[in-house]
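Got the viewer open? Turn on side chains and get ready to click through a few charged pairs.

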Amino acid sequence: MGKEQKKMALGATSLVFLFILTRLYAALFTSNLTPFESWKQKLSDWRGIHNKKADRTIEINESVKLLLRRLVRGEDRIKLDTTGFSCHTDLHSELCLVNKPVRIDNSGLTIYVPSSQSYVNRTLKPYANRDDGTAMSRVSPVKIVNGVVNAPACRITHDAPAVVFSSGGFTGNVFHEINEVIIPLFITTRHFRSRLKFLITDYKPWWVSKYSKVLTHLSHYEAINPAANGSAVHCFPGAVIGLVYHGKLALNATDIPGGYSAFDFKHFLGESYNLKIENVSEIKREKPILILISRKKSRVVSNENEIVVMMEELGFEVVVTRPNRMSNLNKFAALVNSCSVLVGAHGAGLTNQVFLPDGAVMVQVVPLGLEWASTNYYGAPTKEMGVQYLEYKIEPEESSLMQTYGRDHPVITDPASVFAKGYYAARAVYIDAQNLKINVKRFKETVVQAKELIGRSSPLN
């Protein structure tokens with residue numbers, strides 16, 4: 001009986017072995033391909049994957065070329081198309097474009113551009129205020145080496161182009177941050193649809209944190225800090241060095257890829273900071289919010305408390321805002337977006353008009369001697385951003401300069417003669433040494449006008 005069971009077990013095992021052998025034969029030898037041809041097929045499949053990667057690289061490079069060439073016109077575009085490298089310089093900014101692979105050595109802020117042409121060495125400071133020597137003294141230079149050169153080997157390879165710019169200069173002042181970095185960054189990069197990487201020289205962690213929502217809406221990737229990467233060499237399929245600048249809080253839609261306007265920029269900020277109110281007519285409050293920007297160093301309103309009382313009597317909920325409150329941009333942008341009227345003396349705080357809902361009103365108090373600056377820095381941009389604008393020009397009696405110099409002094413009677421001595425001479429008087437005591441009764445007329453304007457505002461207007 002034991003022998004019979006062993007035979008049955010052996011027979012079952014043999015059947016299983018034969019079944020497996022049959023399946024292996026079918027898998028290996030029933031194909032029309034010989035073993036050599038099967039090997040060739042597998043090699044072909046591997047090459048196909050490799051070719052797809054190569055095709056993808058070509059596709060990325062061609063896409064980068066198209067996006068880069070949209071930033072230049074005329075001779076600059078022709079040079080970019082023919083040589084792969086082009087630079088444009090104007091009064092305010094300098095921009096260089098590379099539409100072929102580049103290597104960026106972080107240790108020396110050196111960009112290597114391969115070329116069969118003769119060796120060219122160029123230095124550029126990637127900050128949009130090149131006509132101001134003080135600002136540019138705070139910007140590190142970037143060296144561009146173009147030509148036949150032994151470039152260092154790649155350590156980190158990227159599949160998106162680099163945009164190299166500085167967070168130095170006058171950052172720390174909200175006007176200069178928006179005017180010379182954030183708006184130029186939007187102008188230069190918005191049409192890339194976030195398919196790029198920022199390499200930020202003079203990297204300031206606080207600044208990157210402050211504008212993190214803007215940076216992440218313009219790029220899918222974390223910003224690169226050259227100083228943190230030591231001697232790393234980054235390789236990119238192309239690069240933009242520097243940013244495009246159009247003027248004080250200005251965006252010239254006809255010169256921007258995609259035709260973006262100042263109005264579009266303001267709405268981009270609304271998306272970035274998740275601001276809820278698009279038009280001031282959406283604010284349903286018994287008392288509309290009025291933000292009064294309070295200054296503590298210069299152009300201080302000495303009778304600010306009287307001004308607040310007057311505004312409250314007109315039916316506003318007044319929020320007095322000081323510079324320390326503006327440092328948390330996420331919270332402050334939401335506050336400004338909830339207000340109907342923004343009031344302040346000429347100064348950087350008025351840059352926050354970019355967060356106002358459409359149809360809101362900005363009132364600028366214009367100090368003595370600062371009429372041109374008030375109009376061109378903060379007044380003119382409001383219309384393009386969909387904000388209504390009023391200004392209150394003080395009389396000489398409302399300026400502390402009257403007490404300092406007397407009514408008949410050229411500082412009072414002829415500010416142009418003071419400006420003729422140079423910007424810094426005029427700044428020392430009208431910007432740094434002037435405070436205000438506003439005529440409450442006269443200023444009330446302007447505040448009443450502001451309230452009437454918001455009452456008439458609607459999305460259609």
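Here is a short walk through some of the salt bridges.

Keep in mind that this is a predicted model. Across the structure there are twelve salt bridges.

Start by selecting Arg73 and Asp255. Their side chains meet in a salt bridge, N to O, at 3.5 Å. Now show the backbone around them: Arg73 sits in the loop between helix 2 (35-69) and helix 3 (74-83), while Asp255 is in the loop between strand 11 (239-241) and helix 8 (262-272), so this pair ties together parts 182 residues apart in sequence. Switch on the surface next. Is Arg73 buried or exposed? Arg73 counts as exposed, at 54% relative accessibility, and Asp255 is partly exposed at 41%.

Next, select Glu317 and Arg285. The closest N and O atoms of this salt bridge are 2.3 Å apart. Which elements does the pair link? Glu317 belongs to strand 13 (residues 317-321) and Arg285 to the loop between helix 8 and strand 12 (289-293), so parts 32 residues apart in sequence are tied together. On the surface, Glu317 is partly exposed, with a relative accessible area of 34%, and Arg285 is partly exposed too, with 41%.

Now move along to Glu391 and Lys393. These two form a salt bridge, with 3.7 Å between the closest N and O atoms. Glu391 is partly exposed at 27% relative accessible area, and Lys393 also counts as partly exposed, at 44%.

For the last stop, select Glu395, Glu398 and Arg442 together: salt bridges with shared partners join these three into one network.

Notes:
Residues are numbered from 1 along each chain as its sequence is written. This is a predicted model: local features need pLDDT of at least 70, side-chain atom pairs count only at pLDDT 80 or more; totals for chains, interfaces and linings use all residues. Side-chain values use heavy atoms; hydrogens and water are left out. A salt bridge is a side-chain nitrogen of Lys or Arg within 4 Å of a carboxyl oxygen of Asp or Glu. Helices (H or I, at least four residues) and strands (E, at least two) are DSSP runs, numbered from the N terminus. Buried means under 20% relative accessible area, exposed over 50%, partly exposed in between (1.4 Å probe, protein chains only).
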